[in-house]
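Trainee: I should be grateful for a close look at a single part of this protein. Please take the largest nonpolar core and the strands that belong with it.

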Amino acid sequence: MLAPGSASSWLADHPWLPYAAAVRKQFTGKVEQPLPALDQVTALFDEAGKKIISATSELALDYGRGVLKVDAPCVQGFVGTVGTGQALRASDLTLKADPRNPGPAFWQSAWMTSRLRNPPASWFFAAAKEENSGQVWNATRTALKDPGQAPVMEQWVKGTVTLKVKGKGTFTARTLDASGKPASPCPPH
């Protein structure tokens, strides 16, 4: 929320800027400093293509398609309307969500995380629509009229995931049970 004391017409004129670079506002009690030139970061914003890439290239927002991609050393993944059947690629993760998943613009989130800077993945998870049983939104979907109760109702995510692993050895993929404990290994494909 912007209040009059912290509002910035400069940021209002450049709403893409916080997605591309670190942005801050300082109150020094002195005369306002000239605003920095945007020459070095304007290339990160493609207004015609509706895309923004961060200065580190680890974040890419395709707001035309409604997809955010994270491609960092320890976290890679996608969130948004990714259920189009098209393959989405990060350095070590490829996701092809089945377009037959429910909903016309199937929203989902799929992430691979690693405790090491060089995967194999420590965890991979995908989630779609989730809500409590009996949950009720208000008319504008800005607040819950009733939060509902357990069990949580979850929409399944169907698709193909490819993880690139580095190094030698045997790697095993396991599903987790409802309590987060590893279950039996997944069959290889």
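Mentor: What follows is a description of that core and of the sheet beside which it is best discussed. The model is a predicted one. The largest nonpolar core comprises nine residues: Val67, Phe78, Val82, Leu88, Ala90, Leu93, Leu95, Ala110 and Met112. Two elements, β7 (93-97) and β8 (108-113), each give two or more residues to this core. In soluble globular proteins, nonpolar side chains tend to be buried together.

Leu88 is a useful residue from which to view the arrangement. Leaving aside residues up to four places away in sequence, Leu88 touches Arg65, Val67, Phe78, Val82, Leu93, Thr94 and Leu95. Another core, of eight residues, lies apart from the largest one and has Trp16, Leu17, Leu38 and Leu61 among its members.

We may now turn to the strands. β7 belongs to an open sheet of three strands, in the order β6-β7-β14, and the pairing is antiparallel. β6 (88-89) and β14 (159-163) are the edge strands; each has a single partner strand, so one side of each lacks a neighbour in the sheet. Between β6 and β7 there are two bridges. Arg89 has Thr94, in β7, as its bridge partner.

A further strand offers another view of burial. Of the six residues in β13 (residues 149-154), the count that is buried is zero, and the strand is hardly covered. β13 is nevertheless joined by four bridges to β10 (residues 130-133), and these two strands run antiparallel. Within this pair, Glu130 stands opposite Glu154 of β13.

How values were computed
Residues are numbered from 1 along each chain as its sequence is written. This is a predicted model: local features need pLDDT of at least 70, side-chain atom pairs count only at pLDDT 80 or more; totals for chains, interfaces and linings use all residues. Side-chain values use heavy atoms; hydrogens and water are left out. A nonpolar core is a set of buried Ala, Val, Leu, Ile, Met, Phe, Trp, Tyr and Cys residues joined through side-chain atoms within 4.5 Å. Buried means under 20% relative accessible area, exposed over 50%, partly exposed in between (1.4 Å probe, protein chains only). Contact means heavy atoms within 4.5 Å. Two strands pair if DSSP finds at least two bridges between them.
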